[in-house]
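Q: Hey, I've got a structure open and I'm a bit lost. Can you walk me through it?
A: Sure, let's have a look together.

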Amino acid sequence: QVQLVESGGGLVQAGGSLRLSCVASGGIFSANAMGWYRQAPGKQRELVAGITGGGIPNYADSVKGRFTISRDNAKNTVYLQMNSLKPEDTAVYYCNYIASAVYGMASWGKGTLVTVSS
């Protein structure tokens with residue numbers, strides 16, 4: 001079974017920063033694109049950032065210029081550096097293989113809660 005463990009969330013004031021980490025096991029991490037997703041209460045889960053196996057990133061318009069996704073294949077880890085945080089960034093953040101999420105095959109872990117106060 002693929003296992004994904006997110007960490008690094010917390011409570012931060014608007015304008016602050018957090019760095020999220022996701023450690024993967026049980027899969028071929030380096031060959032697959034990874035994504036960070038978030039879900040706020042009462043809202044749909046959305047993809048906020050993705051990165052190819054080779055390290056090419058892309059971002060949702062809502063986070064461009066503020067968030068940076070990266071990966072360390074030697075550590076089976078993907079990161080999300082979150083700067084200039086806004087209250088609307090408040091959500092539970094999850095990582096997953098993008099292909100699994102697209103085809104409805106993903107198993108979602110506990111995620112890590114990010115709360116941004118105004």
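Q: Okay, which strand is V116 found in?
A: V116 belongs to strand β10. Keep in mind that this is a predicted model.

Q: Got it. Is V116 buried or exposed?
A: V116 is buried: its relative accessibility is 5%, and anything under 20% counts as buried.

Q: What does V116 touch, if I skip its neighbours within four places in sequence?
A: V116 is in contact with V12, Q13, A14, L85, K86, P87, D89 and T90.

Q: And how far is V116 from G50?
A: From C-alpha to C-alpha, V116 and G50 are 22 Å apart in space. Along the sequence, 66 residues separate them.

Q: Back to β10. How does β10 pair with β2?
A: β2 and β10 (residues 112–117) run in the parallel sense, with 4 bridges between them. One bridge has G10 partnered with V114 in β10.

Q: How do β9 and β10 pair?
A: That pairing is antiparallel, over 3 bridges. There, Y93 is opposite T112 in β10.

Q: So what's the strand order in the sheet those belong to?
A: The order is β2-β10-β9-β4-β5-β6, an open sheet of 6 strands with mixed pairing.

Q: Which strands stand at its edges?
A: β2 (10–13) and β6 (57–59) do. Each has a single partner strand, so one side of each has no neighbour in the sheet.

Q: How much are neighbouring strands of this sheet turned against each other?
A: On average it's 25 degrees, ignoring direction.

Q: Tell me about β9. How many of its residues are buried?
A: 6 of the 7 residues in β9 are buried, so the strand is mostly covered. One residue to look at in β9 is N96, which is buried with a relative accessible area of 2%.

Q: What does N96 touch, not counting residues up to four places away in sequence?
A: N96 touches L4, A33, M34, G35, Y37, A106, S107 and W108.

Q: Y37 is in that list. What's the bridge partner of Y37 in β9?
A: Y37 has Y94 as its bridge partner. More broadly, strand β4 (residues 34–39) pairs with β9 in the antiparallel sense, over 6 bridges.

Q: New topic: how many disulfides are there?
A: The count is 1 disulfide. C22 is joined to C95, with 1.7 Å from S to S.

Q: Remind me, what is a disulfide?
A: It's a covalent bond between the sulfur atoms of two cysteines.

Q: Where do C22 and C95 sit?
A: C22 is in strand β3 (residues 18–25) and C95 is in strand β9 (residues 91–97). The two are 73 residues apart, so the pair links distant parts of the chain.

Q: Is that link right-handed or left-handed?
A: The link of C22 and C95 is right-handed, with 50 degrees about the S-S bond.

Q: And are those cysteines buried or exposed?
A: C22 has a relative accessible area of 0%, so it counts as buried. C95 is buried too, at 1%.

Q: Since C22 is in β3, what's the strand order in the sheet with β3?
A: That's an open sheet of 4 strands in the order β1-β3-β8-β7, with antiparallel pairing. Its edge strands are β1 (3–7) and β7 (67–72), and each pairs on one side only. From one strand to the next, the twist averages 15 degrees.

Q: Last one: how many bridges do β7 and β8 have?
A: β7 and strand β8 (residues 77–82) pair over 6 bridges, in the antiparallel sense. There you can find T68 opposite Q81 in β8.

How values were computed: Residues are numbered from 1 along each chain as its sequence is written. This is a predicted model: local features need pLDDT of at least 70, side-chain atom pairs count only at pLDDT 80 or more; totals for chains, interfaces and linings use all residues. Side-chain values use heavy atoms; hydrogens and water are left out. Two strands pair if DSSP finds at least two bridges between them. Axes are lines fitted to C-alpha atoms, for helices over the stretch in contact, and angles run from 0 to 180 degrees between N-to-C directions. A disulfide is a pair of cysteine sulfur atoms within 2.5 Å. Buried means under 20% relative accessible area, exposed over 50%, partly exposed in between (1.4 Å probe, protein chains only). Contact means heavy atoms within 4.5 Å.
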